[in-house]
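This report sets out selected features of the two chains shown below. It proceeds from single residues to larger elements and then to the contact between chains.

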Amino acid sequence: MLKVTLKGLAAHKLRFVLTALAVMIGVAFLSGTLVFTDTIRKTFDDLFSNIYRNTDAVVRGPTAFETNFGEQRPRVPASTLDVVRQVPGVATAAGQLQINYAQIVDQNGDPIGNPGRGAPALGFAWIDNPELNAFNIASGRAPRTDDEIVIDKHSASRGNLDVGDRVQVLTVDPPRPYRIVGLARFGTADSPAGASVVLFTPRQAQKVAHAPNQFDNISVVARPGVSQEELKGQLQAGLPAGSYEVLTGKEVTKESQDLIGKQLGFFKLGLTIFAVIALLVAIFIIYNTFSIIVAQRTRELALLRAIGASGRQVMGSVLGESIVVGLLASCVGLVGGVVVSGLLKGLLSAVGIEIPSSGIVVRPSTIFIGLVVGGVITIISAVLPAWKASHIPPIAALRDVALERPTRFTTRAATAVSVLVVGLIVLFVGVFAHLPRRFVYIGIGAVLVFVGAIIAAPLFARGLARALGAPLRVVKGMTGTLARENAARNPRRTAITAAALMLGVSLVGFITIFASSAKASISHAIDEQLQVDYIVTSGSGFGTGLSPTLGRAISLLPQVAASTPLRFGPAQIDGEGQFIVAADPKAAAQMFDFGVTSGDFATMDAQGIAVSKDKADSRGWQVGDAIPVLFAKTGIVPLTIQAIYDRTEIAGSYIIPLSGFEQNYTDQIDYQVFAKLQPGVTPEQGRAAIEPLLRSYPTAELRDQAEYKKDQEAQINTVVNLIYGLLLLAIVIAALGIANTLALSVLERTREIGLLRAVGMTRAQVRSAVRWESVIIALLGTVLGLTLGLFFGWAIVAALRREGFTRFAAAPGQLAIVVILAAIVGIIAAWLPARRAAKLDILRAIDTE
Amino acid sequence: MTATSPTTTTIAARAEKATKIYGEGDTTVRALDGVDVSFERQQFTAIMGPSGSGKSTLLHCIAGLDRLTSGEVWLGAIPLGQLSEKELTKVRRDKIGFVFQAFNLIPTLTAYENITLPMALAGRDPDEEWLNRVIDTVNLRDRLTHRPSELSGGQQQRVAVARALASRPEIIFADEPTGNLDSKASAELLKFMKRAVAEFGQTIVMVTHDPIAASHANRVVFLVDGRIVDEMREPTADAVLDKLRQLGD
């Protein structure tokens, strides 16, 4: 039987290749994701091992609280260093200090790197002890005076800078010039994972960090013969209990590696979701291929049964084919995974996210997962067709081939309707009943609706294919008629082929609706809540900002009526880690309409906080209540609720005055500055007044309200484009499925095509008929997919109404583009099968056996 | 042989030194070995011969479905060997009608659509009056909206004949048109074909191995080992059967 299997495979190379490709792409993406994340992981693991290679212990402040962005802890006083040095096992110790934002501006005035999107722009205190300094001088020397710095080699080559050059460095303070006295390497790398680095003298670093006589932590080298554990014990004994945390070098290395591992985990999960989608699509295609093959080989398989093969042997022969396809495809897919990992890096870098990596890490587990997933998926997809094949009675050898034995209409309809109804109920419960974990309901409901749609699809595939093909009859005449009827003749085959595309397209539709609604909601929120003329932004994302000196300068302009920066920082309120926003309350009262329901922004003071109505209602807070807020710098501070407001889209749920922020946070950096002009000042005059102030801040950008909205939309577009790129994978696999189905159909219709050619159909007409059949199938999948996508999009927007999705935008233009692209996908998918059909030998096609 | 000096006006199709060789080297098969034959207009000609005599090959080559190794075939004044694949397709579509033994119809199209298929492929409208006459002749008026799977074998072949007639081709080629039919349906189909020649002035060339079918023709050409060996005018079934026995010896 194995021989029959292998000969069958060799005889049908095209279907073999197309089926294998579907598995291959899925496996390639999955293993590519693993290779990519493992490679990044290894890069960072090596990095941290390197940083802490000589560190035997670290002394730092105790954890204040945890947020989504890591642990928040206070700094340690510089005097701790002296205490640590007295501990018997300590050989040397040095205070480490990191500055979260120190961006180098090159001599053309362009900032080096964009920390909003990629690696951060960091600053550090230079440590004289080479054992504890992760950096080493590559050329030049260490900084000696406060206006001297060393920068990393990577930034130097990016900014075309060298020792002796003078550069501006942007920090929370006004920009100031420094002289580069040295270039440093990080271990053996030119930069720590792509970050740009400025190394200051320790004193200057403390000044820039606003950390006078403070360090982030103290790293310690043990005397020879003292183990890391012993050192840790001695340090704990020598320092006041409760005010410090002591870790061994191994612990701190592992902690850093784990943190990166955790962050990479989210990233890996995100990519894996797309790999799973691709593999799901592949399942449809493999299932469909094997179903068609079994139907076409009914006679041959029945003959095998008639001459004595058992049902099990027949099943084994079909499954055998699937195993060979699955394993071969997975092997090739694994090799493809390495390519994919390179492409992923390129894709992320194309949208502006630079990810450092060195070498390529292919772990045995990656190979194992790739082979098992690819093999198992192929076999699972082939099980049902194989089971059907084993139940072909020997007598079928003598009967005409029954191409499709349809499931009974009523059974299918009943199943589809019940799955759909249950799915819709679960989905609506998730959307409208405000239950905890509602997204789980929505997700399960959506999956059920999707499954229901797939079950139902063969029921209306014929009608829908005819309806979609109706215009073709008129436009393309007989060719169009044939395309339309061919698309409609095997509804189940057409439906499953289209369903593969439907999956990808529904997600494209969903994301499109979600994004357009998000953009519409943000635009609406900006219009409704901001009454400002200009906004100064500092690029996007965290790790970047503007020195408050710029905001102050803007507020002093005579043309400006009111202005305030927005800052934000982590705090813990009511047990939850939060980001809270700070603004000037008087200016905010004039410029922002957050829908204050009680209290007043304008009269807030440093001990005040404003909270959203949602939070206040759910916790029973009222104006005048004091709530404890935990800050990393100052610990628990009771703040009085001085205003309650409704709209949280712009500034979130907690707002404190700048005065309060200054008391409780170390880093004072503005995220954005909002300005409202004096009455009578034209926007042009306003711009002319503000623009000159921005010259020393090359990251600052001046936006009016319309431009600001566009910025927000552009940020969403970046993410959406990334998702589109990843979904393209599922679409490509679905296109392969269309090509495969068409190739098999063409083979099945050899005689028919021969007859058509005999009675005068030209090759071009044959190609055209196959092409249009393909377009109909593609459009069928697209129409179903967009219908589902539109519905899911509506559902999620409805569910997120309270989270700020106040607007539903159907984006008809973009959806129309999806339809056109789908038709093009259909045309491309038909290319090979159409050529094949046109090349069929007429005589072989019409000769009777 | 006959028609040594025919004028093109009375000859619908003609083969000259038609040779078709399959394979290479030791496995060479001469399916046609220098066949000279003409088919007159408004005549019903049958081609007969034992299995492997080359009768189907001859039909395929004259009908522009296959190409000769050497020699030439003319359809009216058109030398088919000189035509490109595309031109040949158009000749088949516009000037030739086909009736095959089986798989004559496109399963997804109705009887009417099958009948008008060549014209639809050419993007031409059928001549309604003529079409009605053809449909009535083959007695398919009440079956026009049916698909092939809803028609009997005899009806299917009648649809095929109607299709061959509908575009008023120069010549109709039929390859064992009654091969899959019972005797009653066969007789009916042959009657229609005969009427098409007698009443509509059509030209039909039919390959068959059935002496009864051949007896409906005006003329029978006998083929053995790729050569024309004999022919018979106004044949009867018995005479054809005798001749076949004689050739078989």
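## Residues with positive phi

A:Asn213 sits in the loop that joins α5 (202–208) to β14 (214–215) of chain A. The model is a predicted one, and in it A:Asn213 adopts a positive phi of about 55 degrees although it is not a glycine. Most residues other than glycine have a negative phi. Is A:Asn213 buried or exposed? A:Asn213 is exposed, because 11 other C-beta atoms lie within 10 Å, and the limit for an exposed residue is 12 or fewer.

In chain B, B:Asp225 also departs from the usual sign: its phi is near 50 degrees, a positive value in a residue other than glycine. B:Asp225 belongs to the loop between β9 and β10 of chain B. With 14 C-beta neighbours inside 10 Å, B:Asp225 is classed as partly exposed. A further positive phi, of about 45 degrees, is found at B:Arg168, just after α6(B).

## Helix α6 of chain B

Helix α6(B) contains 14 residues and spans 20 Å from its first C-alpha to its last, close to the 20 Å expected at 1.5 Å a residue. The helix is mostly covered, with twelve of its 14 residues buried. Among them are B:Gln155, B:Arg158, B:Val161, B:Arg163 and B:Leu165. An α-helix has 3.6 residues a turn, so residues three or four places apart point the same way. The buried residues of α6(B) pack against two strands of chain B, β6 and β7 (171–175), and against the helices α3 (111–115), α4 (117–122), α5 (128–137) and α7 (183–198) of that chain.

B:Ala160 illustrates this covered setting. The residue lies within helix α6 (residues 153–166) of chain B, and it counts as buried because it has 28 C-beta neighbours inside 10 Å, where 20 or more are required. Leaving aside residues up to four places away in sequence, B:Ala160 touches B:Val99, B:Asn104 and B:Leu105. The C-alpha atom of B:Ala160 is separated by 9.1 Å from that of B:Pro177, a residue 17 places away along the chain.

## The six-stranded sheet of chain B

Six strands of chain B form an open sheet with mixed pairing, in the order β6-β7-β8-β3-β9-β10. Its edges are β6 (96–99) and β10 (227–233) of chain B, each of which pairs on one side only. From one strand to the next, the twist averages 20 degrees.

Within this sheet, strand β3 (residues 44–48) and strand β8 (residues 204–207) of chain B pair in the parallel sense over four bridges. B:Phe44 stands opposite B:Ile204 in β8(B). Helix α9 (residues 237–248) of chain B lies across β3, β9 (219–224) and β10 of chain B, and it runs at about 160 degrees to β10(B).

## Overall organisation of chain A

Chain A holds 24 helices and 26 strands. Along the principal axes, its C-alpha atoms fill a box of roughly 100 × 70 × 50 Å. Of the 849 residues in chain A, 50% are buried. Among contacts in chain A with a separation of 6 or more, 83% join residues 24 or more positions apart.

The chain is divided into domain 1 (1–57 + 250–405), domain 2 (75–238), domain 3 (461–529 + 709–849) and domain 4 (548–696). The centres of domain 3 and domain 4 of chain A, taken over C-alpha atoms, are 49 Å apart. Their contact takes four residues from domain 3 of chain A and seven residues from domain 4 of chain A. On the side of domain 3 of chain A, the touching residues comprise one nonpolar, two polar and one charged.

## The contact between chains A and B

How many residues does each chain give to the contact? The contact takes 21 residues from chain A and 25 residues from chain B. On the side of chain A, the elements that give two or more residues are α12 (438–489), α20 (750–758) and α24 (842–846) of chain A. The largest share of that side, seven residues, comes from α12(A). By class, the side of chain A that touches chain B has ten nonpolar, seven polar and four charged residues.

Notes: Residues are numbered from 1 along each chain as its sequence is written. Chains are lettered from A and ligands numbered from 1 in the order in which they are written. This is a predicted model: local features need pLDDT of at least 70, side-chain atom pairs count only at pLDDT 80 or more; totals for chains, interfaces and linings use all residues. Two strands pair if DSSP finds at least two bridges between them. Axes are lines fitted to C-alpha atoms, for helices over the stretch in contact, and angles run from 0 to 180 degrees between N-to-C directions. Domain bounds come from an automatic or database domain assignment. Ala, Val, Leu, Ile, Met, Phe, Trp, Tyr, Cys and Pro count as nonpolar, Asp, Glu, Lys and Arg as charged, and the others, Gly among them, as polar. The expected span of a helix is 1.5 Å times one less than its number of residues.
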